[in-house]
Structures are given as C-alpha cells and as structure tokens.
Amino acid sequence: MPPVIDSTKCIGCGTCADICNSDLFVFHRGVDKCPIVKFPEECWHCESCVLDCPSGAITLRLPLSYSLMHIDAALLHTKGAGCTMTKA
C-alpha cells in the first residue's frame, strides 16, 4: 500500500520525492503544494519518506502480509541452545 500524505501537515519541501529510491512521488517545487504519489505500486515500504519528512506528514500503511512477517527477536531465544546473546 502506498504512503499517505497529509496535505494539512505537508510543508511542500519535497524531501520525500528527493529521498525515495523508487521515484514514487511527483513534485514540482514552486508549483505543487505537496507531492503526489504517482506510482503507488512501486513502493518498497522502506519508510525513508516517513522517517525523513520534517513535518511528519507521511504515514505508511503496511500490507497485512508484511505485518504478519514480523518476528520479535526476543522470541527466537531458546534455552539450551548452543549460542546465546546477552545484553551489554
């Protein structure tokens, strides 16, 4: 699912268009108030646009299948395993 831009929060800086590796956004400085998600199917869900947006105007909706793949690393620890990791 593509990123969602909140036009009330967007300051029109174009950071998301500059940072996106997939060239997902179309933005013309001085013409557009906020970027347009032109190629939503190309989104890699890397969250670069979300993390770099200075106004917090972008949210990313992860597909359900992506959410289900999340595994908490703490759950991978098993007693009696040959290799254990400890916190420093």
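**Confidence, fold and packing of the predicted protein chain**

In this predicted model, confidence varies among the elements of the protein chain: the lowest mean pLDDT, 65, belongs to helix α3 (residues 64-68), and the highest, 93, to helix α2 (residues 48-52). For the chain as a whole the mean pLDDT is 81, with 77% of the residues reaching 70 or more. Where pLDDT is low, predicted coordinates should not be read in detail.

The secondary structure consists of three helices and four strands. Followed along the sequence, these elements are arranged in the pattern β-α-β-β-α-β-α. The protein chain has 88 residues, of which 23% are buried. Its accessible surface was computed as about 6600 Å², and carbon and sulfur atoms account for 59% of that area. When contacts between residues at least 6 apart in sequence are considered, 48% of them join residues at least 24 apart.

The interior was examined next. In soluble globular proteins, nonpolar side chains tend to be buried together. In this structure the largest nonpolar core comprises 13 residues. The residues with the most contacts inside this core are I5, C10, C16, L24, F25, C49 and I58. One of them, C16, has a relative accessibility of 7% and therefore counts as buried, the cut-off being under 20%. Beyond its neighbours within four places in sequence, C16 is in contact with F25, P35, C49 and I58. Of these partners, F25, C49 and I58 are also listed among the core residues with the most contacts.

The cysteines were then considered with regard to disulfides. The structure holds zero disulfides. For C16, which is in no disulfide, the nearest cysteine sulfur is that of C10, at a distance of 6.4 Å. C34 is likewise in no disulfide, and its nearest cysteine sulfur, again that of C10, lies 4.5 Å away. A disulfide would require two cysteine sulfur atoms within 2.5 Å. C34 has a relative accessible area of 18% and so is classed as buried.

Strand β1 (residues 3-5) contains V4. This residue is partly exposed, as its relative accessible area is 34%. With residues up to four places away in sequence left out, V4 touches A57, I58, T59 and R61. Among these contacts, I58 is one of the core residues named above. V4 was also compared in position with I36: the two are 32 residues apart in sequence, and their C-alpha atoms are 9.4 Å apart in space.

The loop between α1 (15-19) and β2 (25-26) includes D23, and S22 is placed in the loop between α1 and β2 as well. S22 counts as buried because its relative accessibility is 18%, whereas D23 is exposed, with a relative accessible area of 53%. Residues up to four places away in sequence aside, S22 touches E42 and W44. D23 is notable for its backbone: its phi is positive, about 50°, although D23 is not a glycine.

A positive phi is also found at E47, which is not a glycine either; here the value is about 70°. E47 is located in the loop between β3 (36-37) and α2. With a relative accessibility of 32%, E47 counts as partly exposed.

Charged side chains were searched for salt bridges across the whole structure, and one was found. The pair consists of R29 and D18, whose closest N and O atoms are 2.7 Å apart. Because R29 lies in the loop between β2 and β3 while D18 belongs to helix α1, the salt bridge ties together parts that are 11 residues apart in sequence. R29 has a relative accessibility of 51% and counts as exposed. D18 is exposed too, its relative accessible area being 56%.

Note on methods: Residues numbered from 1 in each chain as written. Predicted model: local features only at pLDDT ≥ 70, side-chain atom pairs only at ≥ 80, totals over all residues. Heavy atoms only, no water. pLDDT = per-residue confidence, 0-100. Helix = DSSP H or I, 4+ residues; strand = E, 2+ residues; numbered from the N terminus. Buried < 20%, exposed > 50% of the residue type's maximum accessible area, 1.4 Å probe, protein only. Contact = heavy atoms within 4.5 Å. Areas by Shrake-Rupley, 256 points an atom, 1.4 Å probe, with all protein chains shown as cover. Core = buried A, V, L, I, M, F, W, Y, C linked by side-chain atoms within 4.5 Å. Salt bridge = Lys/Arg side-chain N within 4 Å of Asp/Glu carboxyl O.
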